[in-house]
Amino acid sequence: MFDSNCSYCAEGELVAKFGIKICELNASKVYLFKEQSHKGRVIVASKFHVSEMIELTEEERNAFFADVNHVANAIHKAFAPDKVNYGAYGDTGHHLHFHLVPKYKDEFEWGGTFAMDPKQKTLTDAEYAELIDELKKYL
């Protein structure tokens with residue numbers, strides 16, 4: 001299913017407000033979150049326009065979580081965070097996606113829940129490209 005009002009389905013300007021597409025995997029699309037208070041924060045969005053994981057078949061769900069795991073491994077290899085937090089919300093954007101948020105002990109929000117969009121740190125296009133290039137080495 002495709003929803004032209006959904007940022008993950010339509011991409012383009014809708015997704016560009018908050019993310020930069022890195023790549024597509026078997027069951028998902030991966031975006032660098034523009035707000036980079038947590039270096040390497042990404043979103044892994046299902047290729048299917050579903051609101052809940054229970055709407056996926058077992059095979060689709062397993063493939064999606066394999067992608068989430070693959071991206072988490074790439075984050076660990078690229079940026080060596082102390083922990084990656086995982087957030088799945090979707091109260092307003094009804095498209096299954098996970099925020100993968102690298103956490104670093106000596107930085108912002110260690111020991112607490114990450115803010116969805118703290119608007120504290122955006123980067124230059126070159127800095128975004130550098131992060132994407134580093135992640136792509138492991139994707």
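Me: In what order do the strands lie in the open sheet of five?
Reply: This is a predicted model: local features need pLDDT of at least 70, side-chain atom pairs pLDDT 80 or more, while totals for chains, interfaces and linings use all residues. Residues are numbered from 1 along each chain as its sequence is written, and side-chain values use heavy atoms, without hydrogens or water. Strands pair (at least two DSSP bridges between them) in the antiparallel sense here. The order is S1-S2-S3-S5-S4.

Me: Which are the edge strands of this sheet?
Reply: An edge strand pairs on one side only. Two strands fit that description: S1 and S4, the latter spanning 83-87.

Me: In what sequence do the elements run from the N terminus on?
Reply: The protein has four helices and five strands (DSSP runs numbered from the N terminus: H or I, at least four residues; E, at least two). Along the chain the elements read α-α-β-β-β-α-β-β-α.

Me: How many bridges join S4 and S5?
Reply: S5 pairs in the antiparallel sense with strand S3 (residues 42-46) over four bridges. S4 and S5 also pair in the antiparallel sense. The bridge partner of tyrosine 86 there is leucine 100 in S5. The number of bridges between S4 and S5 is five.

Me: Which residue of S5 stands opposite valine 42?
Reply: Isoleucine 43 stands opposite histidine 99 in S5. Valine 42 faces a residue that is also the bridge partner of tyrosine 86. That residue is leucine 100.

Me: How many of the seven residues of S5 are buried?
Reply: Buried means under 20% relative accessible area, exposed over 50% and partly exposed in between (1.4 Å probe, protein chains only). His97, His99, Val101 and Lys103 point one way from S5, and all are buried. Phe98, Leu100 and Pro102 point the other way, and these are buried too. S5 is largely enclosed by the rest of the structure, because the number buried is seven of the seven.

Me: Which strands does helix H4 lie across?
Reply: H3 lies across strand S2 (28-33), S3, S4 and S5. Helix H4 (residues 125-136) takes another set. It lies across S1, S2 and S3.

Me: What share of the contacts with a separation of 6 or more joins residues 24 or more positions apart?
Reply: A contact puts heavy atoms within 4.5 Å. The C-alpha atoms fill a box of roughly 40 × 30 × 30 Å along the principal axes. Of the 139 residues, 45% count as buried. The share of contacts asked for is 53%.

Me: How many aromatic pairs does the structure hold, and why is the pair of tyrosine 8 and phenylalanine 18 edge-to-face?
Reply: Rings of Phe, Tyr and Trp (its six-membered ring) pair with centres within 6.5 Å; planes under 30 degrees apart are stacked, over 60 edge-to-face, the rest tilted. The structure holds five such pairs. Tyrosine 8 and phenylalanine 18 have ring centres 5.7 Å apart, and the pair is edge-to-face because the planes stand at 70 degrees.

Me: How many residues apart in sequence are the parts that this pair ties together?
Reply: Tyrosine 8 lies in helix H1 (residues 7-10) and counts as buried at 7% relative accessibility. Phenylalanine 18 sits in the loop between helix H2 (12-16) and strand S1 (19-24). The pair therefore ties together parts whose separation in sequence is 10 residues.

Me: How many residues apart are phenylalanine 64 and phenylalanine 98?
Reply: The pair of phenylalanine 64 and phenylalanine 98 is tilted, 5.9 Å centre to centre with 50 degrees between the planes. Phenylalanine 64 is buried at 1% relative accessibility, and phenylalanine 98 is buried at 10%. Phenylalanine 64 belongs to helix H3 (residues 58-79) and phenylalanine 98 to strand S5 (residues 97-103). The pair links distant parts of the chain, with a separation of 34 residues.

Technical notes
Axes fitted to C-alpha atoms, helices over the stretch in contact; angles between N-to-C directions.
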